[in-house]
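Me: I should like to learn how to read a model such as this one, feature by feature. Please start from a single residue and work outwards.

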Amino acid sequence: LDELNSGKSESTISAVYVTLRQMFESAEDSELIRSNPMQKVKKPRRNKADTKDATQVEAFSIEEMQHILECLKNEPLKWQAYITLIIDTGCRRGEICGLRWQSVNFKDKTITIENNLVYTSAKKGGKGVFEDTPDLLRQLRIEQSRACISPYVFSQDGRAEPMHPTSPTRYFKKFGERYGIDHFHPHKLRHTFASIAITNHADVASVSEKLGHANKGITCLLYTSPSPRD
C-alpha cells in the first residue's frame, strides 16, 4: 500500500484505502476470500495541520433545510429554481450556471449536465443525468422568454448572456444574512445533498456519479462514517 501511494496526496491515499477496504469486504462477504487483508492495514493518518476530519463534512441538518426551503418561497423565481436544483441534484455552482435549455427534458423529467461555467470560459465538466426536474424550471422558462430568448436556463436579468458564475456567491451571502442562516453557500448545499442521500441508504456509486467524483472511494471518504471495525 505504501508503494502504491508513493507521491500521492493525502486525499488520494485516503480514497485508495477506503476503496480497497470496501472491495475486499465485498469479496469476503461473497466468500471469494477467507478474510479481509485490509483489516490489518492501519487507516492513513491525516496531517496534524488538517484540523478537520475528512469524514466530518459541513452540511445542513434536515431542520435547517426545511427553514431554507420555507424562506426560499419569498425569493425571485430564478433563485428558487437555482437553489432547488442544487438541493435536488448536488450539482456544482458552475454546472448550473452553464446549464442550457436543450439539456432539460421536460417530458422525461431529466437534466443532462454537460458544461461547467467558470470565470474565464466554459469547459466540459462531469456528465450525469439527474431525475425529478422541478416544475420551477417550466415557470422560469416562461418568465425568461418575456424579456429575452436565451439558450441558458440561468441568464442575466433581462439578457440572453449566462449568469456570471460569481453571482450565486453574492446572492447566497445576502440570502444567509436576510434569514439568519450561517455559512450559506452553494457548496454546502452540495454536501447536504450527498449527506442526506447516503444517510437515507442511497447507492454510494450512484451518488458518486451524480457528484462527479473520480471514484466512489472519494464519496465514501467524505460522506460515510468509519466502519465499526476501524
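Reply: His 183 is exposed, with a relative accessible area of 55%. The terms are set by relative accessible area: buried is under 20%, exposed is over 50%, and partly exposed lies in between (1.4 Å probe, protein chains only). The model is predicted, so local features need pLDDT of at least 70 and side-chain atom pairs count only at pLDDT 80 or more, whereas totals for chains, interfaces and linings use all residues. Residues are numbered from 1 along each chain as its sequence is written, and side-chain values use heavy atoms, with hydrogens and water left out.

Me: Where does His 183 lie, and what is the sign of its phi?

Reply: Helices (H or I, at least four residues) and strands (E, at least two) are DSSP runs, numbered from the N terminus. His 183 belongs to the loop between helix 6 and helix 7. Its phi is positive, about 50 degrees, although the residue is not a glycine. Lys 109, also not a glycine, has a positive phi of about 60 degrees. Lys 109 sits in the loop between strand 1 (104–105) and strand 2 and is partly exposed, at 49% relative accessible area.

Me: Ile 181 is found in the loop between helix 6 and helix 7; is Ile 181 buried or exposed?

Reply: Ile 181 counts as buried, at 10% relative accessibility. To see what surrounds a residue, one lists contacts, meaning heavy atoms within 4.5 Å. Leaving out residues up to four places away in sequence, Ile 181 touches Phe 60, His 67, Ile 68, Phe 175 and Gly 176. Ile 181 and Glu 64 are 117 residues apart in sequence, yet 8.3 Å apart in space, C-alpha to C-alpha.

Me: How should one read the sides of a helix, and which residues of helix 2 are buried?

Reply: One compares directions around the axis. In helix 2, Met 65, Ile 68, Cys 71 and Leu 72 are the buried residues. They cover an arc of only 125 degrees (taken from the directions from the helix axis to the C-beta atoms), so they lie on the same side of helix 2. These buried residues pack against helix 3, helix 6 and helix 7. The face turned away from the buried side carries the exposed residues Glu 63 and Gln 66.

Me: Which residues of the largest nonpolar core touch the most other members?

Reply: A nonpolar core is a set of buried Ala, Val, Leu, Ile, Met, Phe, Trp, Tyr and Cys residues joined through side-chain atoms within 4.5 Å. In the largest one, which has 34 residues, those touching the most other members are Tyr 82, Ile 83, Leu 137, Phe 154, Phe 184 and Leu 189. At least two residues each come from helix 2 (62–72), helix 3 (77–89), helix 4 (93–97), strand 2 (110–117), helix 5 (136–145) and helix 6 (167–179). Helix 3 gives the largest share, 8 residues. Beyond its neighbours within four places in sequence, Leu 137 has contacts that include Ala 81, Trp 101, Ile 111 and Phe 154.

Me: How many aromatic pairs are there?

Reply: Rings of Phe, Tyr and Trp (its six-membered ring) pair if their centres lie within 6.5 Å; planes under 30 degrees apart are stacked, over 60 edge-to-face, and the rest tilted. The count comes to 11 aromatic pairs. Tyr 82 and Phe 172 are edge-to-face, because their ring centres are 6.3 Å apart and their planes stand at 75 degrees. Since Tyr 82 lies in helix 3 and Phe 172 in helix 6, the pair ties together parts 90 residues apart in sequence. Tyr 82 is buried, at 0% relative accessible area, and Phe 172 is buried, also at 0%. Both belong to one aromatic cluster, whose members include Phe 60, Trp 79 and Phe 184.

Me: Over which ring does the charged end of Lys 188 sit?

Reply: A charge sits over a ring if NZ of Lys or CZ of Arg is within 6 Å of the ring centre and within 35 degrees of the ring normal. The charged end of Lys 188 sits over the ring of Phe 60, 4.2 Å from its centre. Lys 188 is found in helix 7 (residues 186–199) and is buried, at 6% relative accessible area. Not counting residues up to four places away in sequence, Lys 188 touches Glu 58, Ala 59, Phe 60, Asp 182 and His 183.

Me: How many disulfides does the whole structure hold?

Reply: With the criterion of two cysteine sulfur atoms within 2.5 Å, the search finds 0 disulfides. Cys 91 counts as buried, at 4% relative accessibility, as does Cys 148, at 14%.
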